[in-house]
Amino acid sequence: MKDDMLLWDETLFKDPEVFELDYVPEQFDHREAQMKSLRFCVRPAIRGARPVNALCMGPPGTGKTTAIIKLFEELEKHTRSVIPVHINCQIAGTRYSIFSKIYKKIFGVTPPSSGISFKHLFDKIANELASRGVVLIVALDDVSYLFPEKEIDHILYTLLRSHESLPGFRAGVIAAHSEPSMKYILDPRVESVFRPEEIMFPHYKRDEIFAILSRRAQLGFYPGVLSQYVLDAVVDLTAESGDLRVGIDLLKRAGMEAERRASRSISEDDVRKAFGSSRFLHLEHAIRSLSRDERALLRIIAEQPEGKAQSGELYSIYREIADAGYTKFYGILRRLEALRLVETSFTGSGMRGRSRIIRLRYDPAEVLARVGL
């Protein structure tokens, strides 16, 4: 066996966990200004007052989730006057499921999935917090998942206006949104109390990407596995994609490609092969969360010329397949837009002067290869 060949029981990975997308690094760099803004927002809660609500905005893979998790770690370590609850809205997408997670954080047990009204659930939460004199801070991560059916309005109204009828209950919200602006129009009753501090998370610069991925590689691979030259190739592809998560996943997949060849080091060719999968990380993740009906509509859109069509044309095709009304069709369309799978725009060429154009954000062939049914 040649010295440069990996034995069957050997691995290139010193710590594979650092390449997982939910890994929270001990050292969190290049987001000092954003962390400072978040700390400013929660400072009143440490003194027992309602915090300043915050809206973290920026493209995927720019550190929003990590910043919130690091902030909550600090709060739990240094104060007993605040209960922070981080909610992944991709998983908990209804008011009841979100408050069930809040309930579990407070009481240590999950409430019954049936047989208990939302009012009873919330009253127990509010009364417990008021009696203990603590402030609730809820992070709604990937808040766009709550836009369909206006679920976000119900949740924010409950969290931010309930103190009016339940003295002693104090809560604040940190929302994370993977867009440069909040296109969703809140209910006026909610907008008047939400009024968040907007905290922008821009794309990482190339030198920042290099520093972050270099550190991940040092922690995750054994010495000599990743050369400076190959790391530069990973950094270039990550900067091109604009998503740091692509780079982290790319390191993992490139390492697996090298192991497949029984090589003790990662080559540039390993990186190129791995990039074919890593660059569609968000697409694959989003499609996995879709229901059968949502996948059906996404497939219809992908089958249109250039992956775009007027909403009326799409509805006519979808109705023949799903036998569904326009309300359901529009709800699914809004969810696909919230997941950043499609985007909508208006033209002046419709029968009533305005026509909605639906357009895929991805290459239609890539969507069709993954959507299935």
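**Figure 1. Gly224 sits in the loop between helix 7 and helix 8.** This is a close-up from a predicted model, and Gly224 is our starting point. Is this glycine buried or exposed? Gly224 is exposed, because its relative accessible area is 65%. Skip the neighbours within four places in sequence, and Gly224 is in contact with Arg264 and Ser265. Now zoom out to Glu320, 96 residues away along the chain. The C-alpha atoms of Gly224 and Glu320 are separated by 58 Å.

**Figure 2. Thr238 is tucked into helix 8, which covers residues 228-241.** Thr238 has a relative accessibility of 0%, so this threonine counts as buried. What lies 2.8 Å from a polar atom of the Thr238 side chain? That would be the backbone oxygen of Val234. Leaving out neighbours within four places in sequence, Thr238 is in contact with Ile209, Leu213, Asp243, Leu244 and Gly247.

**Figure 3. Lys273 is part of helix 10, residues 268-278.** Lys273 counts as partly exposed because its relative accessible area is 49%, and the exposed label needs over 50%. How far is Lys273 from Thr238, the residue in the previous view? Along the sequence they are 35 residues apart, and in space their C-alpha atoms are 14 Å apart.

**Figure 4. Cys41 and Cys56 are two cysteines without a bond between them.** First, a quick reminder: a disulfide is a covalent bond between the sulfur atoms of two cysteines. How many disulfides does the structure hold? The count is 0. Cys41 is in no disulfide, and the nearest cysteine sulfur, in Cys56, is 8.0 Å away. Why is there no bond from Cys56 to its closest cysteine sulfur? The sulfur of Cys41 is 8.0 Å away, which is too far for a bond, since a disulfide needs the two sulfur atoms within 2.5 Å. Cys41 is buried, with a relative accessible area of 0%. Cys56 also counts as buried, at 0% relative accessibility.

**Figure 5. The largest nonpolar core contains 68 residues.** In soluble globular proteins, nonpolar side chains tend to be buried together. Which members of this core touch the most other members? They are Phe99, Leu136, Leu140, Leu298 and Leu341. Let's pick out Leu140. Apart from neighbours within four places in sequence, its contacts include Ile87, Cys89, Ile98, Leu146 and Ile152. Leu140 is also in contact with Ile155, Leu156, Val173, Ile174, Ala175 and Ala176. There is a second, separate core too, with 51 residues, including Phe19, Leu71, Val230 and Ala274.

**Figure 6. The largest pocket has a volume of about 1,400 Å³.** Its lining is made up of 50 residues. Which of them are closest to the centre of the pocket? Look for Leu21, Asp22, Thr65, Thr66 and Arg245. Several helices and a strand each supply at least two lining residues: helix 2 (64-78), strand 2 (82-88), helix 7 (206-220), helix 9 (244-260) and helix 11 (281-288).

**Figure 7. His282 is a residue of helix 11.** Is His282 buried or exposed? At 18% relative accessibility, His282 counts as buried, because the cut-off for that label is under 20%. Beyond its neighbours within four places in sequence, His282 is in contact with Arg245, Leu339, Arg340 and Tyr362. You've met Arg245 already, as one of the residues closest to the centre of the largest pocket.

**Figure 8. Tyr157 is found in helix 5.** Tyr157 has 34% relative accessibility, so this tyrosine counts as partly exposed. Not counting residues up to four places away in sequence, Tyr157 touches Ser162, Arg189 and Val190. Phe194 makes a handy landmark here. Tyr157 and Phe194 are 37 residues apart in sequence, while their C-alpha atoms are 8.8 Å apart in space.

**Figure 9. Asp142 and Arg195 have positive phi angles.** Asp142 is not a glycine, yet its phi is positive, at about 60°. Where is Asp142? In the loop between strand 3 (135-141) and helix 5 (151-161). Arg195, another residue other than glycine, has a positive phi near 35°. Arg195 lies in the loop between helix 6 (188-194) and strand 5 (197-200). With a relative accessible area of 63%, Arg195 is exposed.

Terms used. Residues are numbered from 1 along each chain as its sequence is written. This is a predicted model: local features need pLDDT of at least 70, side-chain atom pairs count only at pLDDT 80 or more; totals for chains, interfaces and linings use all residues. Side-chain values use heavy atoms; hydrogens and water are left out. Helices (H or I, at least four residues) and strands (E, at least two) are DSSP runs, numbered from the N terminus. Buried means under 20% relative accessible area, exposed over 50%, partly exposed in between (1.4 Å probe, protein chains only). A polar contact is a pair of N or O atoms within 3.5 Å; within protein, one must be able to donate a hydrogen and the other to accept it, and residues adjacent in sequence count only if both atoms are side-chain atoms. Contact means heavy atoms within 4.5 Å. A nonpolar core is a set of buried Ala, Val, Leu, Ile, Met, Phe, Trp, Tyr and Cys residues joined through side-chain atoms within 4.5 Å. On a 1 Å grid over the protein atoms alone, a cavity is a set of points where a 1.4 Å probe fits but cannot get out, and a pocket is an open set with protein on both sides within 12 Å along at least five of seven lines; lining residues have an atom within 4 Å of a point. Grid points are joined across faces, edges and corners, and a volume is the space filled by probe spheres set on the points.
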